[in-house]
Amino acid sequence: MLNPDGAGAPAGSRLLEARGIRKSYAALEVLRGVDLVVERGELVFLIGPSGSGKSTLLRCCNRLEEPSAGTLLVDGVDLMSPRIDINRARRQIGMVFQGFNLYPHLDALGNVTLALRKVLRLSRRDAEARAMETLALVHLQDKARSYPGQLSGGQQQRVGIARALALEPKIILMDEPTSALDPELVGSVLGVIRELRERGMTMVIASHEMGFARSAADRVLFLEGGVIVEQGTAEQVFTSAREARTRQFVQQIMH
Ligand SMILES: Nc1ncnc2c1ncn2[C@@H]1O[C@H](COP(=O)(O)OP(=O)(O)O)[C@@H](O)[C@H]1O
Ligand SMILES: [Mg+2]
């Protein structure tokens with residue numbers, strides 16, 4: 001649950017605690033000390049100009065990118081520990097990508113089942129049963145046997161969400177989940193995200209869907225030049241930002 005004042009949060013209420021995250025590519029410093037702390041059940045929106053480091057930050061949170069510095073706790077587990085089994089730890093963190101990243105030669109069921117068999121080593125029967133339950137959560141139970149090429153972009157992205165959900169992660173990170181979609185298909189994906197939130201799923205979403213952020217996000221973070229410039233409720237960040245840079249960016253994405 002969202003802790004309104006942050007202070008005095010009971011131990012264990014923080015699901016993701018990334019602090020002082022830095023990331024450089026050669027001489028380019030992309031993240032310059034970012035804190036991303038997410039409470040259980042919270043839906044956090046990450047906004048910021050192209051190149052500000054949103055994707056890099058999300059990828060650093062499960063060490064798909066190796067942070068150059070910083071600490072990273074997921075449900076109290078230190079992901080930067082030299083002793084960590086990172087592949088096992090990554091199962092706690094679902095990822096959803098802008099480009100869906102589905103296997104074109106596998107149907108929807110096959111795409112969801114694959115990770116369950118490979119990662120969790122479930123039997124075909126158990127994997128398919130769980131995959132069908134997850135496809136139902138994204139309202140695609142009747143598309144289980146359709147291939148990505150036979151699905152709309154919105155349906156493909158919902159398969160991508162089902163694939164992440166099937167592994168029963170504690171948190172899901174979504175990198176611009178709707179920006180590759182035709183406008184009329186965005187709603188179905190946002191609808192599923194809203195339902196997940198109502199079921200208590202913890203999520204961090206890089207997205208500029210401001211209307212959705214207003215109605216569903218607990219907190220909005222504005223990232224620019226590799227630092228969090230400002231954060232607050234959607235209302236605060238979109239209508240009464242303290243920082244001129246935030247106001248300027250919000251102006252741009254409103255048009
Ligand atoms: N693998 C990489 N090698 C070098 N530079 C990279 C790499 N990945 C990202 N960058 C650079 O890092 C900066 C931030 O990129 P990114 O995290 O993708 O920003 P955003 O998602 O906010 O658009 C950009 O300048 C980008 O060119
Ligand atoms: Mg990006």
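Two strands count as paired when DSSP finds at least two bridges between them. Strand β4 (residues 69-74) and β5 meet that mark, pairing in the antiparallel sense over 2 bridges. At this spot, V74 sits opposite V77 in β5. Keep in mind that what you're looking at is a predicted model.

That pair belongs to an open sheet of 4 strands, ordered β2-β1-β4-β5, with antiparallel pairing. Because β2 (28-39) and β5 (77-78) stand at the edges with a single partner strand each, one side of each has no neighbour in the sheet.

Now for another pair of strands. β6 (residues 93-96) runs parallel to β7 (residues 171-175), and 4 bridges join them. Here M95 faces L173 in β7. Is β6 covered or open on its two faces? Both faces are covered: I93 and M95 on one side are buried, and so are G94 and V96 on the other.

β6 also turns up at the largest pocket, which has a volume of about 610 Å³. Along with β6, the helices α2 (86-90), α3 (108-118) and α5 (153-166) each supply at least two residues of its lining. Which element gives the most? That's α3, with 4 residues. The lining has 21 residues, and the closest to the pocket's centre are I93, M95, A115, V119 and L167. Two of the names from β6, I93 and M95, are thus buried in the strand and also among those closest to the centre.

Here's how the lining divides by residue type:

| Type of lining residue | Number |
|---|---|
| Nonpolar | 11 residues |
| Polar | 6 residues |
| Charged | 4 residues |

Key. Residues numbered from 1 in each chain as written. Chains lettered and ligands numbered in written order. Predicted model: local features only at pLDDT ≥ 70, side-chain atom pairs only at ≥ 80, totals over all residues. Heavy atoms only, no water. Buried < 20%, exposed > 50% of the residue type's maximum accessible area, 1.4 Å probe, protein only. 1 Å grid on protein atoms, 1.4 Å probe; cavity = no way out; pocket = protein on both sides within 12 Å on 5 of 7 lines; lining within 4 Å. Points joined across faces, edges and corners; volume = space filled by probe spheres on them. Nonpolar A, V, L, I, M, F, W, Y, C, P; charged D, E, K, R; others polar.
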